[in-house]
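Me: I'm trying to get my head around one small part of this protein. Could you take me through it slowly, and then show me what's around it?

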Amino acid sequence: MATKEASSKKPAAASSGKSAGKPAINLTPKAAAAAVRIADNKKATFNYHIEERFEAGMVLEGWEVKSLREGKVQLTDGYVVIRNGELFLIGCQINPLGTASTHVRPDSVRTKKLLMHKDEIRRLIGKIEQKGFTLVPLNLHWKAGKVKCEVGLAKGKGEHDKRDTIKDREGKREVERAMKSRSR
């Protein structure tokens with residue numbers, strides 16, 4: 001009889017809505033945003049000054065979505081072009097899964113269409129033609145169950161700008177190392 005009473009009582013953690021076996025995880029907004037990210041283009045911020053950021057939808061095939069869920073994508077060689085008033089992502093490599101369908105021939109470097117409003121595309125066309133900007137994919141992420149591509153309106157960096165970026169990054173690492181060794 002005592003075993004029935006003991007098993008019917010809930011632990012204090014379970015009654016508060018938290019699972020007893022797992023600690024509560026509090027994510028910062030930045031960490032929560034990173035949790036839905038599929039891939040980042042780290043070379044883009046190194047090679048370009050990003051002036052503006054835009055979010056575009058993507059036209060994908062079923063096998064591509066499955067591969068994106070597994071994280072099998074590479075954005076570093078990708079770039080965005082405008083043809084006939086439409087945006088296309090070229091050079092983004094989505095590797096097919098080994099368990100892909102036998103009747104579909106996956107093309108890993110297929111040109112993917114990006115979806116944006118016509119007004120935004122016209123504005124981008126004007127900036128690209130006049131000021132020498134280019135469009136680069138910055139990241140792929142999930143939003144409301146759909147894959148979105150963040151596109152950056154960017155201007156290329158010179159060699160000296162890249163050297164400055166490296167110098168700043170190494171300086172920050174040195175400061176972090178000094179602070180870490182000081183706190184021990």
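Reply: Let's start with Lys-148, which sits in strand 9. Keep in mind that this is a predicted model. What does Lys-148 touch, once you skip residues up to four places away in sequence? Its contacts are Glu-55, Ala-56 and Gly-57, plus Asn-139, Leu-140, His-141 and Lys-143. Now look for Arg-37: along the chain it's 111 residues from Lys-148, yet their C-alpha atoms are separated by 9.6 Å.

Arg-37 takes us to the largest pocket, since that residue is part of its lining. Also lining this pocket are Asp-40, Asn-41, Lys-42, Thr-45, Arg-53, Leu-138, Asn-139 and Glu-150. So Asn-139 turns up twice: it touches Lys-148 and it lines the pocket. By type, the lining has five charged residues, three polar ones and one nonpolar. Strand 1, helix 4 (42-47) and strand 8 each bring at least two residues to it, and the space inside is about 160 Å³.

Leu-140, another contact of Lys-148, leads somewhere else. Along with Val-73, Leu-87 and Leu-114, Leu-140 is among the residues with the most contacts inside the largest nonpolar core, which has 25 residues. Several elements supply at least two core residues each, including strand 2 (48-58), helix 6 (118-131) and strand 8 (134-143). Strand 9 gives the most, with four residues. Leu-140 also touches Val-73, and Val-73 has Ile-38, Ala-39, Leu-68, Cys-92, Gln-93 and Ile-94 among its other contacts, again leaving out residues up to four places away.

Terms used: Residues are numbered from 1 along each chain as its sequence is written. This is a predicted model: local features need pLDDT of at least 70, side-chain atom pairs count only at pLDDT 80 or more; totals for chains, interfaces and linings use all residues. Side-chain values use heavy atoms; hydrogens and water are left out. A nonpolar core is a set of buried Ala, Val, Leu, Ile, Met, Phe, Trp, Tyr and Cys residues joined through side-chain atoms within 4.5 Å. Buried means under 20% relative accessible area, exposed over 50%, partly exposed in between (1.4 Å probe, protein chains only). Contact means heavy atoms within 4.5 Å. On a 1 Å grid over the protein atoms alone, a cavity is a set of points where a 1.4 Å probe fits but cannot get out, and a pocket is an open set with protein on both sides within 12 Å along at least five of seven lines; lining residues have an atom within 4 Å of a point. Grid points are joined across faces, edges and corners, and a volume is the space filled by probe spheres set on the points. Ala, Val, Leu, Ile, Met, Phe, Trp, Tyr, Cys and Pro count as nonpolar, Asp, Glu, Lys and Arg as charged, and the others, Gly among them, as polar.
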